[in-house]
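Here is a quick walk through one chain, written for someone who would rather look at residues than at tables. Keep the viewer open and follow along.

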Amino acid sequence: GTLTAKGWKLCLEAPLLKEEIGVRVRRGPSWKWGEQDGGPGSTGVTIPCSDGGWVGVQWDSGLAYCYRVGAEDAYDLSVVEQATTTPEPTTTTPTPTTT
């Protein structure tokens with residue numbers, strides 16, 4: 001069978017593509033910042049950054065820096081799937097959309 005886009009999302013971490021705040025992230029595909037994040041596998045939460053195309057991260061180590069989310073055509077961060085923190089039922093009923 002062929003892999004659908006949904007299937008890819010489940011097994012691969014998606015890069016953070018825009019300046020979203022409050023997202024749990026780790027180093028992503030364009031990472032070039034050494035050990036700023038506290039080392040491989042470290043995670044943090046995005047915070048506001050003054051520059052467009054960049055987003056700040058408050059790392060669990062306590063440090064905070066700004067990273068590229070489109071600036072220079074680079075994506076320094078990947079979104080961390082937080083399956084364990086907010087368990088959701090396996091079956092979801094679609095909510096009606098009002099236009």
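## A buried charged pair

Let's start with two charged residues: Asp76 is buried, and Arg68 is buried too. Salt bridges with shared partners also tie Arg27, Glu35 and Asp37 into one network. We'll come back to both spots below. One thing to keep in mind throughout is that this is a predicted model.

Where does Asp76 sit? Its place is in the loop between β4 and β5, and its relative accessibility is 0%, so it counts as buried. The side chains of Asp76 and Arg68 meet in a salt bridge, with N and O 2.6 Å apart. Asp76 also has company from far along the sequence: Trp31 is 45 residues away in sequence, yet the two C-alpha atoms are 4.5 Å apart in space. Setting aside neighbours within four places in sequence, the contacts of Asp76 include Arg26, Arg27, Gly28, Ser30, Lys32, Trp33 and Tyr67.

## The overall layout

Stepping back, the chain has 1 helix and 5 strands, and along the sequence they follow the pattern α-β-β-β-β-β. Of its 99 residues, 28% count as buried. Take the contacts between residues at least 6 apart in sequence, and 49% of them join residues at least 24 apart. The chain exposes about 6900 Å², and carbon and sulfur atoms supply 57% of that area.

## The sheet

In what order do the strands line up? The 5 strands form an open sheet that reads β4-β3-β2-β1-β5, with antiparallel pairing. The edges belong to β4 (64–68) and β5 (77–79); each has a single partner strand, so one side of each is left without a neighbour in the sheet. On average, neighbouring strands here are turned by 45° against each other, ignoring direction.

For a closer look at one pairing, try β1 (residues 24–27) and β2 (residues 44–47), which run antiparallel and are joined by 2 bridges. Val25 stands opposite Gly44 in β2.

## The nonpolar core

Now for the greasy part. As a rule, nonpolar side chains in soluble globular proteins tend to be buried together. In this model the largest nonpolar core has 10 residues: Leu16, Val23, Val25, Trp31, Val55, Val57, Trp59, Tyr67, Val69 and Leu77. Strand β3 (residues 54–59) gives the most to this core, with 3 residues.

If you want one residue to click on, pick Val55. Not counting residues up to four places away in sequence, Val55 touches a long list of partners, among them Leu16, Tyr67, Val69 and Leu77, and those four belong to the core as well. Other partners of Val55 include Glu19, Glu20, Thr46, Cys49 and Cys66.

## Salt bridges

Side chains of opposite charge can pair when their charged atoms come close. How many salt bridges does the structure hold? There are 6. Arg68 takes part in the one with Asp76, and Arg68 also meets Glu72 in a salt bridge, at 3.1 Å from N to O. The accessibility values tell the two ends of that second bridge apart: Arg68 counts as buried at 6%, because the cut-off for buried is under 20%, whereas Glu72 counts as exposed at 58%.

The pair of Glu35 and Arg27 can be read in a similar way. The closest N and O atoms of their salt bridge are 3.9 Å apart. Glu35 is exposed, with a relative accessible area of 55%, while Arg27 counts as buried at 17%.

## The loop between β4 and β5

Most residues other than glycine have a negative phi. Which residues go against that habit here? Glu72 has a positive phi of about 60° although it is not a glycine, and Asp73 has a positive phi of about 60° as well, again without being a glycine. Glu72 is found in the loop between β4 and β5, and Asp73 lies in that loop too.

Asp73 counts as exposed, at 67% relative accessibility, and Glu72 is exposed at 58%. Asp76 is placed in this loop as well, but it counts as buried, at 0%. So the loop between β4 and β5 holds the exposed Glu72 along with the buried Asp76.

Note on methods: Residues are numbered from 1 along each chain as its sequence is written. This is a predicted model: local features need pLDDT of at least 70, side-chain atom pairs count only at pLDDT 80 or more; totals for chains, interfaces and linings use all residues. Side-chain values use heavy atoms; hydrogens and water are left out. Helices (H or I, at least four residues) and strands (E, at least two) are DSSP runs, numbered from the N terminus. Buried means under 20% relative accessible area, exposed over 50%, partly exposed in between (1.4 Å probe, protein chains only). Contact means heavy atoms within 4.5 Å. Accessible areas come from the Shrake-Rupley method with a 1.4 Å probe; for residues, only the protein chains shown count as cover. Two strands pair if DSSP finds at least two bridges between them. Axes are lines fitted to C-alpha atoms, for helices over the stretch in contact, and angles run from 0 to 180 degrees between N-to-C directions. A nonpolar core is a set of buried Ala, Val, Leu, Ile, Met, Phe, Trp, Tyr and Cys residues joined through side-chain atoms within 4.5 Å. A salt bridge is a side-chain nitrogen of Lys or Arg within 4 Å of a carboxyl oxygen of Asp or Glu.
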